[in-house]
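Visitor: I am new to this structure and would like to be taken through it. Could we go step by step?

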There are 2 protein chains.
Amino acid sequence: MEKTDLKKLAKELNLSIATVSKALRDSWEIKAETKQRVRDLADKLNYQPNPYASSMRKRKSQTIAVVIPEIANNFFSVVLDGIQVIAEKKGFHVLTYLTHESYTNEIATIRHLQSGRVDGVLMSLCSDTADYQHLVRLKETGMPIVFFDRIAEIPDCPTVTTDDYESGYRATEHLLQNHCKTIAYLSLSQHTSINRKRQQGYIDALKNLPAKPGKNLAVHCGDENGGIMRAIKKLLSKKNRPEGIFASVEKLAIATYHVCNELKLKIPDDLKVISFSNLRTASLLSPSLSTITQPAFDIGREACELLFRKIEKKSNNYMSEHLVLKSSLIARGSTGPN
Amino acid sequence: MEKTDLKKLAKELNLSIATVSKALRDSWEIKAETKQRVRDLADKLNYQPNPYASSMRKRKSQTIAVVIPEIANNFFSVVLDGIQVIAEKKGFHVLTYLTHESYTNEIATIRHLQSGRVDGVLMSLCSDTADYQHLVRLKETGMPIVFFDRIAEIPDCPTVTTDDYESGYRATEHLLQNHCKTIAYLSLSQHTSINRKRQQGYIDALKNLPAKPGKNLAVHCGDENGGIMRAIKKLLSKKNRPEGIFASVEKLAIATYHVCNELKLKIPDDLKVISFSNLRTASLLSPSLSTITQPAFDIGREACELLFRKIEKKSNNYMSEHLVLKSSLIARGSTGPN
DNA sequence: TTTTTCATCGAAAACGTTTTCGAAAAGCAG
DNA sequence: CTGCTTTTCGAAAACGTTTTCGATGAAAAA
């Protein structure tokens, strides 16, 4: 069976293409009976309008792009889930692009997105993106962009984040309350917006402590596996190793667990650990992992809804919105007193 | 800055649209010097060809669709990673659709895919899909489809799976060797292809045991959270509860852990557990979880490469290929003797 | 010189929609 | 029967490419 298009329907029905098109879009200029005839045949021949022809004519693609550093990561995959739910509800299609934490990949992807393939972009920066030129250019073409989690500080760009400063503060405070005298802060890179905020929360929490632990131990581990393990092992092998670890991303907490196994360090006795994480199995780990958990699904939902607000009324020049959702600190065994 | 198209470039360069188009595609009919002039201006004006116009004219979209039951799941997100890597290498774009384990969603999605929005489809069925009509119809339009993991038994459709029967057999055998007298098999649904194979492996392993444990305890839990927990709790509350659990998907193992916590059952003393799973934290769980781990990334890669072989030479009518990758059984604490 | 080839380009027709605008027919008032 | 509105439809132009085919002039062959 050949694909059926408007022309075929028109010929079959002795109507013009224009009439068939309008009938299918339920236009008022078409008689009810004609509409029915058209719909019946369209159903019978399983007519599906060609989205590319339609997109070209209407100059909109009914498609959005999601650009994220990685997908094999609970946080991002749950965010994506939230995005998909909203997009589907709006009848939009979702193209996903992975930068794999590579700045050059990010630039190439963003550059491609100028083509008009999508009507809007949802994005989280890769860890070493420090320059926003490519994003500014994309924005200047009129493309609606909403950043989430790892945001770019660009004027008039809506963002969805969590209360990273407060969470960083609370996590550090939590470790201090559990009698850690020295606390190391682990991150992938110092460039990201969230890292700056989380780390600032960490620093300020340390400052406010009456008995200052003094040292500001911030370790930037890079984003590839070998480097991470090495950095952590080095940190934990020092004679004056920290008593607490605050991991700014899940991956670092997992690595810490593995290093502790290797070095025969017992959590939480020898080392207490807390981490930003969306692991659904956090409570089942040995020991269970204390986490600051971000509302990933809601981040996706909200970011997507924000984007659609931009897409639907281009004319909104009221201030760009910055949504901040709350993370929750869940204390578990890895920071426990026992 | 307005978007630049071929017309604009042509006018600027005093050339025809045709010439500009051909120059950009490096056609032999265009003088080298002209090509350079065109490319220079295109770069300067940041020209990006309109993909929809191009797709319409060339009647191919450079896009593939991935249809999966869920994304917030380590297995599927890693598969997606593998797919994306290959697709990007080929210069293709990836549309993802989630069925959320809903058959009606699946039908609607597949129906939409008849529109020609994509050049090929990679798919894993949702758990209660028992009828393949919609897929057969899509295939009959000439759309290349490759199934992975949860496959549809359709003639001439390539598939990528793992050795589910053997793995089911080995997992059961492993529990038997660790002295489980009764073993329950947990699955979401009895409909899926993989479930049939895994369960058959389980059944056959039980049969071959000299001292037959007799009972074939297969429990189909459904796919929503409440039901799963309830089914497992009921199973483990019976006085003659099984000594071993073989979970056919990760989600069921996690639920089992939680139920055991609730019922104060100790793994592996009171109950041994093994599960199909791609959890990266399996070794860090309490106790560490014995798993049959599928090569998710490779499944994605291979499925995508198979799809591209179909897409590139439509004329391949040699037998459809069925790739079977090996899963690996990793024995850990949850089936341990201690 | 005339004819033939070659190199380089442009005109125009697609691809399948959507939309504007005008035409025809039908209804209605006068 | 005339003039007017209303209803229903179709012709045709766009959207931005790609591609076929013919045109042009220059170089090569006769």
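Visitor: How do the residues of the surface near DNA strand D divide into nonpolar, polar and charged?

Guide: This is a predicted model, which applies to every value given here. In it, 29 residues surround DNA strand D. The residues of that surface divide into 11 nonpolar, seven polar and 11 charged.

Visitor: Which residues are the closest to DNA strand D?

Guide: The surroundings of DNA strand D take in residues of chain A and of chain B. The closest are A:Thr19, A:Lys22, A:Glu29, A:Arg59 and B:Arg57.

Visitor: What percentage of the atoms of DNA strand D within 4 Å of the protein belong to sugar or phosphate?

Guide: Contacts with phosphate oxygens of this strand include one from a backbone N or O atom of A:Ser16 at 2.8 Å and one from a polar backbone atom of B:Leu6 at 3.0 Å. A base is also reached: an N or O atom in the side chain of B:Lys22 lies 3.4 Å from a base oxygen of DNA strand D. Of the strand atoms within 4 Å of the protein, bases make up the rest once sugar or phosphate is counted, and the sugar or phosphate part is 58%.

Visitor: Which residue has a polar side-chain atom 2.3 Å from a phosphate oxygen of DNA strand C?

Guide: DNA strand C is surrounded by 28 residues. Two polar backbone atoms lie 3.0 Å from phosphate oxygens of this strand, one in A:Leu6 and one in B:Lys31. The contact at 2.3 Å comes from a side chain, that of B:Thr19.

Visitor: Which elements each supply at least two residues of the surface near DNA strand C?

Guide: The residues of this surface divide into 10 nonpolar, seven polar and 11 charged. Both chains contribute elements to the surface, and those with at least two residues each are H2 and H4 of chain A together with H2 and H4 of chain B.

Visitor: By what turn can chain B be laid on chain A?

Guide: The fit has an RMSD of 0.1 Å, and the shift along the axis is 0.0 Å. The two copies are thus related as by a two-fold rotation axis. The turn is 180°.

Visitor: Which residue of chain B comes closest to the rotation axis?

Guide: The distance is taken at the C-alpha atom, and its value is 1.9 Å. The residue of chain B at that distance is B:Leu285.

Visitor: What separates the centres of domain 1 and domain 3 of chain A?

Guide: The domain assignment gives chain A domain 1 (6-49), domain 2 (61-162 + 296-327) and domain 3 (164-294 + 329-335). The centres of domain 1 and domain 3 are taken over C-alpha atoms, and the separation is 63 Å.

Visitor: What is the volume of the largest cavity?

Guide: The structure holds seven cavities of 30 Å³ or more. The largest is lined by 22 residues, among them A:Arg150, A:Arg198 and A:Glu250. Domain 2 and domain 3 of chain A each give at least three residues to this lining. The volume of the largest cavity is about 280 Å³.

Visitor: Which element gives the largest share of the lining of the largest cavity?

Guide: Helix H5 (74-89), helix H9 (193-208) and helix H11 (250-263) of chain A each supply at least two residues of the lining. The largest share is three residues, and it comes from H9(A).

Visitor: How much space lies in the second largest cavity?

Guide: Residues of chain B line this cavity, including B:Ser127, B:Tyr185 and B:Asn195. The lining divides into four nonpolar, six polar and two charged residues. The space in the second largest cavity is about 80 Å³.

Visitor: Where does A:Pro287 lie?

Guide: A cis peptide bond joins A:Ser286 and A:Pro287, with omega about -5°. A:Pro287 is in the loop between strand E9 (272-276) and strand E10 (290-293) of chain A.

Visitor: What is phi of B:His100 near?

Guide: B:His100 is placed in the loop between strand E2 (93-98) and helix H6 (103-112) of chain B. Phi is positive there, in a residue other than glycine, and is near 50°.

Conventions: Residues are numbered from 1 along each chain as its sequence is written. Chains are lettered from A and ligands numbered from 1 in the order in which they are written. This is a predicted model: local features need pLDDT of at least 70, side-chain atom pairs count only at pLDDT 80 or more; totals for chains, interfaces and linings use all residues. Side-chain values use heavy atoms; hydrogens and water are left out. A residue is near a molecule or strand if one of its heavy atoms lies within 4 Å of it. A polar contact is a pair of N or O atoms within 3.5 Å; within protein, one must be able to donate a hydrogen and the other to accept it, and residues adjacent in sequence count only if both atoms are side-chain atoms. Ala, Val, Leu, Ile, Met, Phe, Trp, Tyr, Cys and Pro count as nonpolar, Asp, Glu, Lys and Arg as charged, and the others, Gly among them, as polar. On a 1 Å grid over the protein atoms alone, a cavity is a set of points where a 1.4 Å probe fits but cannot get out, and a pocket is an open set with protein on both sides within 12 Å along at least five of seven lines; lining residues have an atom within 4 Å of a point. Grid points are joined across faces, edges and corners, and a volume is the space filled by probe spheres set on the points. Helices (H or I, at least four residues) and strands (E, at least two) are DSSP runs, numbered from the N terminus. Domain bounds come from an automatic or database domain assignment. Copies are superposed by least squares on the C-alpha atoms of residues with pLDDT of at least 70 in both.
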